[in-house]
Amino acid sequence: GDEDHIRDLVEQVLFTSPGERVNRPTFGTGLMNLVFAPNSPELAAATRLMVQGALQQILGELIEVEAVEAESVESTLTVTVRYRIRRTATKQTAQFTREVQ
């Protein structure tokens, strides 16, 4: 349904690097580039702002982002996004995990 489709869209935005899509060079976040960056409060804050901004820019007509949390442990990145689907006012929480090879 719509909820699953929107969750899939959020995942695509998170794990697509800008420039990866030929006709949409600004689509994505570049989040995977941060997996091996040293953890710090400043990096965590910058990551949250980057992800929230990308989601609002690309999916702003579909969702309202309420919170973003990103955690990197060794080669695994976990991102939790809380958002509200605008059409139905349904609140969702989605967690995504990716491991870098």
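**Rings and core: worked exercises**

R98 lies over the face of F15, 4.5 Å from the ring centre; a charge counts as over a ring when Lys NZ or Arg CZ is within 6 Å of the ring centre and within 35 degrees of the ring normal. This is a predicted model, where local features need pLDDT of at least 70, side-chain atom pairs need 80 or more, and totals for chains, interfaces and linings use all residues. Residues are numbered from 1 along each chain as its sequence is written, and side-chain values use heavy atoms, leaving out hydrogens and water.

**Exercise 1.** Work out how F15 and F96 are arranged.

*Solution.* Start with the rings: their centres are 6.4 Å apart and their planes at 70°, so we call the pair edge-to-face. (Phe, Tyr and Trp six-membered rings pair with centres within 6.5 Å; planes under 30 degrees apart are stacked, over 60 edge-to-face, the rest tilted.) Next, place them: F15 is in helix α1 (2-15) and F96 in strand β3 (90-99), so the pair ties together parts 81 residues apart in sequence. (Helices, H or I of at least four residues, and strands, E of at least two, are DSSP runs numbered from the N terminus.) Finally, check exposure: both are buried, meaning under 20% relative accessible area with a 1.4 Å probe, protein chains only.

**Exercise 2.** Find what V10 touches beyond its neighbours within four places in sequence.

*Solution.* Look for heavy atoms within 4.5 Å, the contact cut-off. That picks out L55, L59, I63, V81, Y83 and F96.

Terms used: Buried means under 20% relative accessible area, exposed over 50%, partly exposed in between (1.4 Å probe, protein chains only).
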